[in-house]
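Work through the exercises below with the structure at hand. Each task is followed by a solution in steps.

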Amino acid sequence: MAQYKVVERFVSINGEGPSAGQLAVFIRFKGCNLACSYCDTAWANTENAAFTSMSEDDIYRYIKETAIKNVTLTGGEPLLQPAIIDLLKLLATDEALHVEIETNGSIDITPYTLMYNPPVFTMDYKLPGSLMESSMLVSNFERLTQKDTLKFVIGSLEDFNVARDIIHRHALVGKCNVYLSAVFGQIRLEEIVELMKDHHMNGVNLQLQMHKIIWDPNEKGV
Ligand SMILES: C[S@@+](CC[C@H](N)C(=O)[O-])C[C@H]1O[C@@H](n2cnc3c(N)ncnc32)[C@H](O)[C@@H]1O
Ligand SMILES: Nc1nc2[nH]cc(C(=O)O)c2c(=O)[nH]1
Ligand code: SF4
Ligand SMILES: [Mg+2]
């Protein structure tokens, strides 16, 4: 059975995305192919980050032990785990679970959208301030459905303008959820709201990272 590198696992309220405010069990995988300027989990992406090697069965057993229905797979970049499709297929057999995956927009999600009972995707589009925009795979937009979310993490006016242009050009509102989030501590939330008002951004959600409000923003495992 395949092994997965898990850097942390915990139960918390989901602070982000379409299930924000609900309890979720989090599995955070090691390693990422990008290096966003603002990454709040860069520690999980270093070569020497401590991890637990877990099989699909180990992960599934842990999830069931928590008795929590919502599962969030994150990282690092979860789609880099070589056998992630096997884990997703195992979790998909359990209709009682609601599985979400956070992915960075650089990896083709097609195989994971075509499977039986696919997970809910929150996919980032990395904006200029991340310094990772050139890695974005725009073809992924076509794979997102109404249950999925395309998310833009904004750190500047330039980021906002690029996000707005992409939302408009690809007619994303109505195709999937569209979320704007702030690079934590880098831009005032009022500024984003004013920009949303100025540009009549109907159907777009501003999301806060609730866990960074509830707990110390640098706290792990929450
Ligand atoms: C740590 S990433 C892991 C999943 C995947 N690698 C990705 O980037 O989507 C989870 C989410 O946290 C967001 N994030 C990371 N650092 C952040 C920060 N400093 N402020 C706001 N959001 C941040 C990412 O943009 C992403 O949406
Ligand atoms: N509470 C909490 N909710 C989250 N939603 C997405 C997270 C992530 O790091 O992907 C996250 C996280 O790290 N903590
Ligand atoms: S893609 Fe996600 S995990 Fe990777 S560096 Fe960017 S925010 Fe961090
Ligand atoms: Mg996080």
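**Exercise 1: the shell around ligand 3**

By class, five nonpolar, three polar and one charged residues make up the shell around ligand 3; here Ala, Val, Leu, Ile, Met, Phe, Trp, Tyr, Cys and Pro count as nonpolar, Asp, Glu, Lys and Arg as charged, and the others, Gly among them, as polar. The model is a predicted one, in which local features need pLDDT of at least 70 and side-chain atom pairs count only at pLDDT 80 or more, while totals for chains, interfaces and linings use all residues. Residues are numbered from 1 along each chain as its sequence is written, chains are lettered from A and ligands numbered from 1 in the order in which they are written, and side-chain values use heavy atoms, with hydrogens and water left out.

Task: state which residues surround ligand 3.

Solution.
- Step 1. Look for residues with a heavy atom within 4 Å of the ligand.
- Step 2. For ligand 3 these are Cys32, Leu34, Ala35, Cys36, Cys39, Asn45, Gly76, Asn104 and Lys126.

**Exercise 2: the polar contacts of ligand 2**

Task: find which residues have an N or O atom close to ligand 2, using pairs of N or O atoms within 3.5 Å.

Solution.
- Step 1. List the shell: Ser12, Ile13, Asn14, Gly15, Glu16, Phe26, Arg28, Thr74, Glu102, His211 and Val222.
- Step 2. Check the backbone: an N or O atom of glycine 15 is 2.9 Å from a nitrogen atom of ligand 2, and a polar backbone atom of valine 222 is 2.9 Å from a nitrogen atom of the ligand.
- Step 3. Check the side chains: arginine 28 places an N or O atom 2.8 Å from an oxygen atom of ligand 2.
- Step 4. Add the cover: of the 330 Å² of accessible area that ligand 2 has on its own, the protein covers 93% (Shrake-Rupley method, 1.4 Å probe).
- Step 5. Sort the shell by class: three residues are nonpolar, five polar and three charged.

**Exercise 3: ligand 1**

Task: say which residues come nearest to ligand 1, and how much of its area the protein buries.

Solution.
- Step 1. Among the 20 residues around ligand 1, the nearest are Tyr38, Gly76, Asp124, Lys126 and Lys151.
- Step 2. A backbone N or O atom of tyrosine 38 is 2.8 Å from a nitrogen atom of ligand 1, and a polar side-chain atom of glutamine 209 is 3.3 Å from a nitrogen atom of the ligand.
- Step 3. Ligand 1 exposes 540 Å² when taken alone, and the protein buries 94% of that.
- Step 4. The shell has six nonpolar, seven polar and seven charged residues.

Notes: A polar contact is a pair of N or O atoms within 3.5 Å; within protein, one must be able to donate a hydrogen and the other to accept it, and residues adjacent in sequence count only if both atoms are side-chain atoms.
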